Amino acid sequence: MAWFDTHCHLDFLPFSDELAKHLTEFELHDIQLCMVPAVGPQNWQTVLSLAEHPMLKVGLGYHPCFLERSALLGKPEQLLPQLDTLDQLVYKHRQTLSAWGECGLDGRFPETLAHQEFAFVQQIVAAKKHRLPLLVHSVRLHDRLAQLIKQQQFDVGGIIHGFSGSYTQASRFVDLGFKIGVGGGITWPRSEKTRKALRRLPIDALVLETDAPDMPLYQMTTEHNTPLHLAAIFQCLSELRSESHDQLKHMLWSNSLQVLNLST
Ligand SMILES: [Zn+2]
């Protein structure tokens with residue numbers, strides 16, 4: 001039984017430097033698979049190239065916080081050329097891809113919300129067409145996001161990454177066929193609401209992730225977050241759950257494979 005980091009940006013520093021060395025270290029710590037999402041045109045090609053490594057699964061998408069500045073100055077439709085490029089890249093490399101992402105909505109940037117929604121809806125439609133699960137970035141806008149997924153009758157599932165929210169919000173995503181990405185956020189004292197949700201959700205709804213190099217854990221001693229912290233996140237999660245360690249670890253692994261349509 002191994003670990004699966006369902007969301008980490010290994011094309012970012014410090015990992016992009018000496019990636020092979022980092023991957024060897026992950027393997028030594030029983031991390032067998034990592035899902036690497038893209039954020040925008042600037043890293044689509046780099047992320048695609050990572051799929052050459054057997055430990056890495058990749059997704060392509062357009063992250064709501066990485067929408068191009070020049071397009072944000074005009075109408076949301078100005079994002080269409082880039083979204084078309086993305087669609088063509090996905091079509092061309094469909095066999096290499098395990099997911100569409102990351103994409104979603106971020107409520108910390110209300111001034112770009114019209115653009116974010118436009119880009120997200122276009123991507124839901126495209127991911128449905130290509131039959132790829134979504135890797136979703138959802139910050140402070142869970143209800144709106146669930147509504148958009150539902151409106152498009154999206155039926156391929158995916159992962160709500162780094163979930164922070166209530167049981168009701170999480171359940172709505174689970175009902176829409178999504179898994180809940182459990183990350184380092186749950187280690188913080190302030191995350192009581194999220195921990196409460198994770199206690200109650202069905203075990204087959206959960207997957208683990210780090211969002212490395214971002215999303216630090218509480219009292220983290222390293223400069224950057226890393227997939228090596230999966231075990232610490234697991235420890236925090238297991239304290240909330242009634243399942244045995246083995247059972248929980250096994251389910252997290254098999255849930256990850258299932259949602260990304262992988263087999264080993
Ligand atoms: Zn991310």
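**A parallel sheet and its surrounding helices**

Strand 2 and strand 3 (residues 56–60) run parallel and are joined by 3 bridges. In this predicted model, the register of that pairing is illustrated by M35, which stands opposite K57 in strand 3. On the other pairing of strand 2, with strand 1, the two strands again run parallel, and 3 bridges join them; here D5 stands opposite C34 in strand 2. The connection between these two strands passes from strand 1 through helix 1 (residues 19–28) to strand 2, and the resulting β-α-β crossover is right-handed. Of the 6 residues of strand 2 (residues 31–36), 5 are buried, so the strand is largely enclosed by the rest of the structure.

These pairings belong to an open sheet of 8 strands, arranged in the order 1-2-3-4-5-6-7-8 with parallel pairing. The edges of the sheet are taken by strand 1 (3–5) and strand 8 (206–208), each of which has a single partner strand, so that one side of each is left without a neighbour in the sheet. From one strand to the next, the twist averages 30°.

Further along the sheet, strand 4 and strand 5 pair in the parallel sense over 6 bridges, and within this pairing G101 stands opposite L135 in strand 5. The chain reaches strand 5 from strand 4 by way of helix 5, in a β-α-β crossover that is right-handed. Strand 5 has 6 residues, of which 5 are buried, so this strand is largely enclosed by the rest of the structure. Its pairing with strand 6 is parallel and comprises 4 bridges, with I160 in strand 6 as the bridge partner of V136. Between strand 5 and strand 6 the chain passes through helix 6, and this β-α-β crossover is right-handed.

Helix 6, which forms that connection, shows a division between a buried and an exposed side. The buried residues of this helix (residues 142–151) are H142, L145 and I149. When the helix is viewed down its axis, these buried residues fall within an arc of 65°, so they line one face of the helix. Such an arrangement can be read against the regular geometry of an α-helix, which has 3.6 residues a turn, so that residues three or four places apart point the same way. The face turned away from the buried side carries the exposed residues D143, Q147, K150 and Q151. The cover over the buried residues of helix 6 includes both strands and helices, namely strand 4 (97–106), helix 5 (113–130), strand 5 (134–139) and helix 7 (167–175). Just after helix 6, Q153 adopts a positive phi of about 50°.

Towards the edge formed by strand 8, strand 7 (residues 178–182) and strand 8 run parallel and are joined by 3 bridges. Within this pairing, L206 in strand 8 is the bridge partner of I180. Helix 10 (residues 245–259) lies across strand 1, strand 6 (158–161), strand 7 and strand 8, and runs at about 100° to strand 8.

A local view of another part of the chain is provided by A71, which lies in helix 3 (residues 69–72). This residue has 20 C-beta neighbours inside 10 Å and therefore counts as buried. When residues up to four places away in sequence are left out, A71 touches Q78 and L79. A71 and P81, which are 10 residues apart in sequence, have C-alpha atoms 10.0 Å apart in space.

Considered as a whole, the protein chain has a secondary structure of 10 helices and 8 strands. Its C-alpha trace spans about 50 × 40 × 35 Å along the principal axes. For 264 residues, a compact globule would have a radius of gyration near 18 Å, and the 17 Å found for the protein chain agrees with this expectation. Of the 264 residues, 45% count as buried. Among the contacts in the protein chain with a separation of 6 or more, 73% are accounted for by residues 24 or more positions apart.

Notes: Residues numbered from 1 in each chain as written. Predicted model: local features only at pLDDT ≥ 70, side-chain atom pairs only at ≥ 80, totals over all residues. Buried ≥ 20, exposed ≤ 12 C-beta atoms within 10 Å, placed from the backbone. Arc of directions from axis to C-beta. Contact = placed C-beta atoms within 7 Å. Rg over C-alpha atoms; globule rule 2.2 N^0.38 Å. Pairing = 2+ DSSP bridges. Axes fitted to C-alpha atoms, helices over the stretch in contact; angles between N-to-C directions. Right-handed = clockwise from strand over helix to strand, strands pointing away.
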